[in-house]
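Let's work through a few short exercises on empty space and surface. Keep the structure open next to you and try each task before reading its solution.

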Amino acid sequence: MSPRGGPRLLQGAPIAAEIRARVRESVLAYTKRHGDSPTLAIVLVGRDAPSAVYLQQILRSCRNVGVQGRLVEVSGRVSNAGLGEVIRGLNVDPLVNGIIVQMPLPRHLELATVLDAIDPRKDIDGIHPLNAGLLALGYDGFLPATARAAVELLVRSEIDLAGKRVVVLGRSNVVGKPAAMLLLRENATVTIAHSRTRNLPSVLRDAEVVVVAVGRPGLVTGSMLRVGAVVVDVGINVVDGALVGDVDFASARSRVSAITPVPGGVGPVTNAILLTQLMTAAEEQASAGRLRGRGRPSVPLRSIH
Ligand code: NAP
């Protein structure tokens, strides 16, 4: 049973603050060494309200650690070729160290346009197939920030994962699959569940740790969870103007031992992780530039993790 007074809340803010403090130090050192502070380019195609809110959060996080956030606004009517050109322009801009493209794209655009165009060395949200492949094979590439945030949150909250039965609900390339890979690295025994999983409640009830990334408000209820389970709710949904997760918090809280709140759980950690990965990119580009004596970065694959 959860302890009296309810479960432990796995808050993202203190963890994000810890990560940002480290990033701030490396930004200072980088700026001292190279003159310019690192730059993150955020490509926004068209405009919608949730993206605008998210963007403001990222830009604030950048300012907070001394990183330059460059907003690249592209018309919502841009063609696939046009979007590819914008991204390739950022690839060769020596002042840009990392690129993220705000998702979802307008319907007429293909994700493949972004994946084909983005330089994996500036792909700090780990969407490029090269980075996905590095993760799958246990190499150290750029990781999808949300997936890494979900797992960092567990690790930094000292939730032991080795040997544990962990269910990841959701199998998207950006969250579910990479989270499962990262949990494997932590030696968890991982099951990936999805919309075609049979008897989901019994699969979930067996799990000591559950990571939910679906995008359906309240899909997971307390009765589907094992008593004492640890739950990471990655879902972000807007219901009646309020942000809620994929887990029905009210019914889950009486059964679980620890749970992330929504908002305030995975979200803040995700932004901090993006900045960490930006610094990795910036440092790698700087050392490659020094070695080759030119601005265009050329970075070797990083070593096995
Ligand atoms: P997605 O691409 O739509 O994937 C959703 C996954 O959920 C799919 O694998 C789907 O299964 C599965 N699913 C859908 N309905 C289901 C059901 N009834 N039962 C079991 N599984 C079901 O979504 P995503 O991009 O991974 O995002 C997931 C959630 O995370 C969203 O709420 C999103 O807003 C949130 N998110 C949060 C952050 C953050 O920083 N906190 C960042 C990114 C995303 P199939 O594969 O079988 O269709």
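**Exercise 1: the cavity lining**

L40, I58, S61, C62, N271, L274 and L275 form the lining of the largest cavity in this predicted model. Find which elements give two or more residues to that lining.

*Solution.* Step one: check the helices, and you'll land on α2 (49–65) and α10 (266–292). Step two: sort the lining by character, which gives 5 nonpolar, 2 polar and no charged residues. Step three: look at the volume, which is about 30 Å³ for this largest cavity. The count of cavities of 30 Å³ or more comes to 1.

**Exercise 2: an open pocket**

Work out which element gives the largest share of the lining of the second largest pocket.

*Solution.* Start with the volume of this pocket, about 630 Å³. Its lining has 25 residues, and R148, E152, R156, I273 and T276 are the closest to its centre. Next, list the elements that give two or more residues: α1 (13–34), α6 (145–156), α7 (176–185) and α10. The largest share, 6 residues, comes from α10. Finally, sort the lining: 9 residues are nonpolar, 6 polar and 10 charged.

**Exercise 3: a patch on the surface**

Decide whether V238 is buried or exposed.

*Solution.* First, place V238: you'll find it in strand β9 (residues 237–239). Then take its relative accessible area, 58%. Exposed means over 50%, so V238 counts as exposed. Last, look at its partners: together with I236 and L243, V238 makes a nonpolar surface patch of about 300 Å².

Key. Residues are numbered from 1 along each chain as its sequence is written. This is a predicted model: local features need pLDDT of at least 70, side-chain atom pairs count only at pLDDT 80 or more; totals for chains, interfaces and linings use all residues. Side-chain values use heavy atoms; hydrogens and water are left out. Patches are made of residues with over 30% relative accessible area and no salt bridge: like charges are joined within 9 Å, nonpolar side chains (Val, Leu, Ile, Met, Phe, Trp, Tyr) within 5 Å. Accessible areas come from the Shrake-Rupley method with a 1.4 Å probe; for residues, only the protein chains shown count as cover. A salt bridge is a side-chain nitrogen of Lys or Arg within 4 Å of a carboxyl oxygen of Asp or Glu. Helices (H or I, at least four residues) and strands (E, at least two) are DSSP runs, numbered from the N terminus. Buried means under 20% relative accessible area, exposed over 50%, partly exposed in between (1.4 Å probe, protein chains only). On a 1 Å grid over the protein atoms alone, a cavity is a set of points where a 1.4 Å probe fits but cannot get out, and a pocket is an open set with protein on both sides within 12 Å along at least five of seven lines; lining residues have an atom within 4 Å of a point. Grid points are joined across faces, edges and corners, and a volume is the space filled by probe spheres set on the points. Ala, Val, Leu, Ile, Met, Phe, Trp, Tyr, Cys and Pro count as nonpolar, Asp, Glu, Lys and Arg as charged, and the others, Gly among them, as polar.
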